[in-house]
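Reader: I am new to this structure. Please take me closely through one part, the place where chain A meets chain B, and then show me how that part ties into the rest of chain A.

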Amino acid sequence: MKISKCFRGVRREAPSVSPPTELPPPEKALLPLRDGAGQALEPAAKPGQRVLRGEVVGVVQGSGEPVLLAPLSGTVEGIGSTCDPAGQPVPALILGSDGQDALATAGLPVPLAPGDLAQLKPAELLARAEALGMGLTPTCGPKKYTTHNGVEMVRGIKFLIIKAVDADPPVNPNQACLAGDPAALELGVAALAHLAGAEQVLLALPKDGAFPQIEETARGHRWEIRPVDPGHYPYALDHLLAHDLTGRMVATPDGDPRDMGVLTVGLANAWVLGRALASGRPADSRVVAVAGDVQKPQAFLARVGTPLQNLIAAAGGLVGEPGKVLVGGPMVGAAQYDLEAPVTAATPGIFVQAKAKLSAYREHPCINCGRCVQVCPVGLLPGDLSRLCEYGQPEVAAERDLFHCIECGCCAYVCPARRPLVQLLRLGKSELLAKRMAQ
Amino acid sequence: MNASLLTVSPSPHLLGSMTMRSMHVEIMLAMAPAALAGLYFFGVPALINLVAATLAAVVFEYLCVKLFKLPDRQGDLHAVVLGLTLGLILPPGGPIYLPIMGGLLAVGLAKMIFGGIGAYPMNPVLIAWAGLTISWPEQMKAFFLPCPGDGKWEIAETFLMKLRNDPEVITSTDLSALWAGLTPGEIGTTCTWAIIAGGIYLIVRGIINWRVPLGVFVGTLVMSQIALATDPSLMEMDLAGSLEGLRITWLHLGDGGLMFAAFFLATEPVSSPVTPKGTLLYGLGIGFLAVIIRTWGAAPGDGVYYAVLLMSTATPMFDRLRPAVLGKAQREW
């Protein structure tokens, strides 16, 4: 390891590992009518209609692909509104539970035995995951490129990285799954390796834990175990982890590790996939960690559509006066104003801050100490860029690689002058983008 | 639960524990071993100098803030650090107006006129030191022999001053005593081991960049060996290339303010560069210039301070040596 990496990033406490607890389905589920890629969905069930768990209730506008499954059985109450993690309003389907949690009888695939995996074609496996409501195609499916003469091509995946470390500790869905059911984990990882066609599977495990069962499984499948420091933020972000483990550099800001033949998937998602494939039940639960100022920080297996406040209540409620509730961790999480907002497929967890622990920024001049340069994981000069953005020169900042900033927030974390560094960088980016759009 | 309003703000939602104030407290902690060694070696005169310099810096900062109606940032303790650092590089035997004038020069001339913390181009402590050295060269040479038995302070020459006239000190000096601080010199710069202990603390805490001291040491090593091989009076010693020749490097590192400058003056945040390559080159430049000025310069005082002043003027240039950006294609088509 290079000496400079010791000083890069920030050290966060790696939380202890406990298996996720299953939460009962909520009384009312809110299902945002927008998929992970931001495409609008249209409801496939009318208000008042009775639906069973696993029935299709939402399809992609235009193509009609069934992507939204009912996470519980009950009645469609209508279309309301909720907010996405960034705080923007989204139309949402409101589903009231009938308390029976009855499973749909048709449309779901049969349970998959681990031995049958090899007989399925990757495309069939992908279709099966889609039918279970596990929208893998945009993130794990083949990414298409068009060559200059118009031929469509797909790049092969050489490495599949399974992350058992979390991007933003102490919100730790992936690490919590290490203590989960090993058979489902094995099936999930094997299925991902099969559908991606990965030549090598790398398991990024926390470096100072002992996971005998997982190591045993990994030996059986010839998966490689790579120890990673779970508390070294932000080195568990997809493209930084891909760079560390494979040496392949993903282009920022719009690159994808798949461009370099690397696919990174969180262990939590692999586990959910494995559970769904093995049981033939819809993959409508997600591992959601609740951390911070709650009585009992822990990970839950919660149905999609569960309101955030149910999670906080299940974790024993708040400690102290409520300050912030974040979707995601303390470094990159998005602050929420509405605790009715639902858990979605992309929610890693929530972090709660008591009012007394909120931090404040100040109007202090930069003292050029260079701590932000020492910690920046991508090698920018955040202090310099922030001054340029603050004084209305984002063009100059863009020449100095402003757009390669990954907004991890390490610079603002370490700044002794408490300057809002990453916020100024974001401001510069948005100002410049707005200017370019106007031209 | 919904009755209470939640706070909404952009990420990150956590801040590290370091503030300007705590950073300055840590810098003072790191200087404490050197200051205590100075007090042990030079007793009451050293104490008077340290207290006077610190008080002067704090008082002049207060006056500047009041007179010029500047934003009040005295709570960050920067003036205390400036005063203490200045006190540590003053000779113990100087008159009382040296630390007081030094505080005025550091805070009034070098810091506040340029716009306060974050804005000055060169280390205020060194500007003050240079001002004092040029104004009162004789008083700035009032170095005492450490720890006299009978309490009578005796003015003596430092080894660097002797080295100019008599290269024989390279072989005759007791290096372990020199590094331990048993030598005439400035209050806080004689005990090299104490300075190194404080410097390592700052590096581990991520307050100073390890590349600066490393650069200074390498620069000093290379340039002192070049001096040994090229300077006519040093060539007479016929030490170039031998293991004995390394003694001149240890002498340069151990005597005068070089070690103190490497850890506490060259790394002063505002006037030093921030890029990895830049900091290394900056350190190397200081090492080179320090030995050049010490060996062939005619200016009064220790050459390393001039070296830091000169190199900090080049800081904007070093900050252009930006590191490679992860995620940026090496070649753009």
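Author: What follows starts at the interface and then moves into the sheets, loops and bridges around it.

Keep in mind that this is a predicted model.

Start with the contact itself. On the chain A side, 64 residues are in contact with chain B, which brings 47 residues of its own. The area buried between chain A and chain B is about 4,800 Å². Carbon and sulfur atoms give 59% of that area. Three residues stand out here: I367(A), N368(A) and R371(A). They supply 12% of the area that chain A buries against chain B, more than any other three residues.

Now the charged and polar links. Chain A and chain B share two salt bridges. One of them pairs R322(B) with D401(A). Their closest N and O atoms are 3.9 Å apart. Polar contacts across this interface come to 20 residue pairs, counting pairs with both residues at pLDDT 80 or more.

Which elements of chain A give two or more residues to the side that touches chain B? Several helices do: α1 (3-7), α7 (238-246), α9 (308-314), α10 (371-375), α13 (410-414) and α14 (421-438) of chain A. The strand β19 (322-327) of chain A is on that list as well. In fact, β19(A) gives the most, with five residues. By class, this side of chain A has 35 nonpolar, 18 polar and eleven charged residues.

Follow β19(A) inward. It belongs to an open sheet of six strands. The order is β2-β18-β17-β21-β19-β20 (chain A), and the pairing is mixed. The edges are β2 (21-22) and β20 (334-335) of chain A. Each edge strand has a single partner, so one side of each is left without a neighbour in the sheet. Inside the sheet, β19(A) pairs with strand β21 (residues 349-354) of chain A. The two run antiparallel and share five bridges. At one point along them, V327(A) has I350(A) in β21(A) as its bridge partner. A general point helps when you view such strands. In a regular strand the side chains alternate between the two faces of the sheet.

Next, follow α7(A), another element on the side that touches chain B. D238(A), in this helix, reaches a distant part of the chain. Its side chain meets that of K163(A) in a salt bridge, at 2.9 Å from N to O. K163(A) sits in strand β12 (residues 159-163) of chain A, and the two residues are 75 residues apart. Over all chains, the salt bridge count comes to 26.

The loops on both sides of α7(A) deserve a look. Before the helix, P234(A) lies in the loop between β15 (232-233) and α7 of chain A. The peptide bond from Y233(A) to P234(A) is cis, with omega near -5°. After the helix, P253(A) lies in the loop between α7 and β16 (262-266) of chain A. Here too the bond is cis: from T252(A) to P253(A), omega is near 0°.

Elsewhere in chain A, look at strand β13 (residues 200-206) and strand β14 (residues 224-228). They run parallel, joined by five bridges. A204(A) stands opposite R226(A) in β14(A). Between the two strands, the chain passes through helix α6 (residues 212-221) of chain A. This β-α-β crossover is right-handed.

Another sheet in chain A is open too, with four strands in the order β3-β9-β8-β5. Its pairing is antiparallel. Here β3 (28-32) and β5 (50-51) of chain A stand at the edges. Each has a single partner strand, so one side of each is left without a neighbour in the sheet. Two bridges join β5(A) to strand β8 (residues 74-83) of chain A. In that pairing, V51(A) stands opposite G74(A).

Finish in chain B. K69(B) is found in the loop between α1 (20-68) and α2 (78-88) of chain B. Its phi is near 55°, a positive value in a residue other than glycine.

Note on methods: Residues numbered from 1 in each chain as written. Chains lettered and ligands numbered in written order. Predicted model: local features only at pLDDT ≥ 70, side-chain atom pairs only at ≥ 80, totals over all residues. Heavy atoms only, no water. Pairing = 2+ DSSP bridges. Contact = heavy atoms within 4.5 Å. Buried area = accessible area lost by both parts, 1.4 Å probe. Salt bridge = Lys/Arg side-chain N within 4 Å of Asp/Glu carboxyl O. Polar contact = N/O pair within 3.5 Å; in protein donor to acceptor, adjacent residues only side chain to side chain. Nonpolar A, V, L, I, M, F, W, Y, C, P; charged D, E, K, R; others polar. Right-handed = clockwise from strand over helix to strand, strands pointing away.
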